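Morning, everyone. Let me put the model up, and then I'll walk you through it.

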Amino acid sequence: MYHYEQLSQLPKKLTVTQIAKSSNARTITTQKVTPRFLSSSEMTPSQKGLALHAFMQYADFSNAKISVKDEINRLFENRFISKSQADSINVKKIEAFLQSGLFNRIMNASKVYKEYKFNYEIDAGEVFSGIAGEFKDEKILIQGIADCIIVEENMITIIDYKTDYESSQQVLINRYQNQLQIYKQALQQELQMPVRECLLYSTHLETQISVSANN
């Protein structure tokens with residue numbers, strides 16, 4: 001009877017953000033923490049993270065390369081971002097990203113997907129380690145959004161922007177490795193292309209970080 005109670009309690013659908021770190025789940029963390037990248041005492045870290053991702057999603061990078069401030073203003077005038085979001089964006093951090101090698105790869109890629117939504121079925125046993133053996137193959141639908149995907153030579157690179165105020169690259173890798181593993185499995189299946197690499201871009205460190213996401 002206990003086993004069937006386990007089955008009845010299994011969710012049919014999860015978002016990546018709902019898969020939390022615990023003794024009964026693999027670590028897949030997507031919380032956006034932005035204490036220094038977006039500086040406004042009136043906005044919460046979560047709201048500041050949304051402002052960053054809105055800029056990255058809607059910005060015309062060619063325009064931003066000329067003037068980040070003008071591009072922020074354009075997004076505000078066209079109602080892609082609010083006034084408080086526009087005011088919160090740290091222009092220097094955006095400019096650092098626009099000077100990076102990763103930005104050049106994005107601009108030169110054969111195809112770019114921003115904020116790419118995906119659905120992916122995963123075995124319950126891959127998410128919940130304590131589940132009974134006969135239910136490990138039960139399917140759970142995972143929903144996620146990849147910040148940026150670039151296609152180069154018919155291979156994809158997954159890019160996840162992180163605003164955590166964290167100075168250790170290894171901490172960031174440990175924090176987000178399992179998240180990117182699910183992204184890799186889902187996206188190579190959906191896009192029918194192999195994944196070249198998975199990258200974090202730390203706005204605090206102003207650098208890209210390669211993350212191993214082996215299946």
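Start at the beginning of α6. There, a side-chain oxygen of Asn-90 comes to within 3.1 Å of the backbone nitrogen of Lys-92. Bear in mind that this is a predicted model.

Now the helix itself. α6 runs over residues 91-98, and 6 of its 8 residues are buried, so the rest of the structure largely encloses it. Which residues of α6 are buried? Val-91, Lys-93, Ile-94, Ala-96, Phe-97 and Leu-98. Note the lysine on that list: Lys-93 is buried. And what covers them? The cover includes the helices α2, α3, α4 and α7, along with the strands β4 and β5.

Take α4 from that set. It spans residues 68-77, and Glu-71 sits in it. Is Glu-71 buried or exposed? Its relative accessibility is 1%, so Glu-71 counts as buried. Buried means under 20% here. Its side chain has a polar partner: a polar atom of Glu-71 lies 2.7 Å from the backbone nitrogen of Asp-60. Beyond its sequence neighbours within four places, Glu-71 is in contact with Phe-55, Tyr-58, Ala-59, Asp-60, Asn-63 and Ala-64.

Next, the cores. The largest nonpolar core has 28 residues. The residues with the most contacts inside it are Tyr-116, Ile-149, Ile-156, Leu-180 and Leu-187. β2, β3, β4, α9, β5 and β6 each give at least two residues to this core. The largest share, 9 residues, comes from α9. There is also a second, separate core of 27 residues, with Met-56, Ile-72, Leu-75 and Tyr-161 among its members.

Back to Leu-180. Setting aside residues up to four places away in sequence, it touches Ile-158, Asp-160, Cys-198, Leu-200, Val-211 and Ala-213. Two of those names come up again in the strands: in β6, Val-211 is the bridge partner of Cys-198. β5 and β6 pair antiparallel over 5 bridges. They form a hairpin with 4 residues between the strands. In the turn, Glu-206 has a positive phi of about 60 degrees.

Last, the cysteines. Cys-198 has 3% relative accessibility, so it counts as buried. Cys-148 is at 2%, so it counts as buried too. How many disulfides does the structure hold? The count is 0. Remember what we would be looking for: a disulfide is a covalent bond between the sulfur atoms of two cysteines.

That's my tour. Over to you.

Technical notes:
Residues numbered from 1 in each chain as written. Predicted model: local features only at pLDDT ≥ 70, side-chain atom pairs only at ≥ 80, totals over all residues. Heavy atoms only, no water. Buried < 20%, exposed > 50% of the residue type's maximum accessible area, 1.4 Å probe, protein only. Polar contact = N/O pair within 3.5 Å; in protein donor to acceptor, adjacent residues only side chain to side chain. Contact = heavy atoms within 4.5 Å. Disulfide = S-S within 2.5 Å. Core = buried A, V, L, I, M, F, W, Y, C linked by side-chain atoms within 4.5 Å. Pairing = 2+ DSSP bridges.
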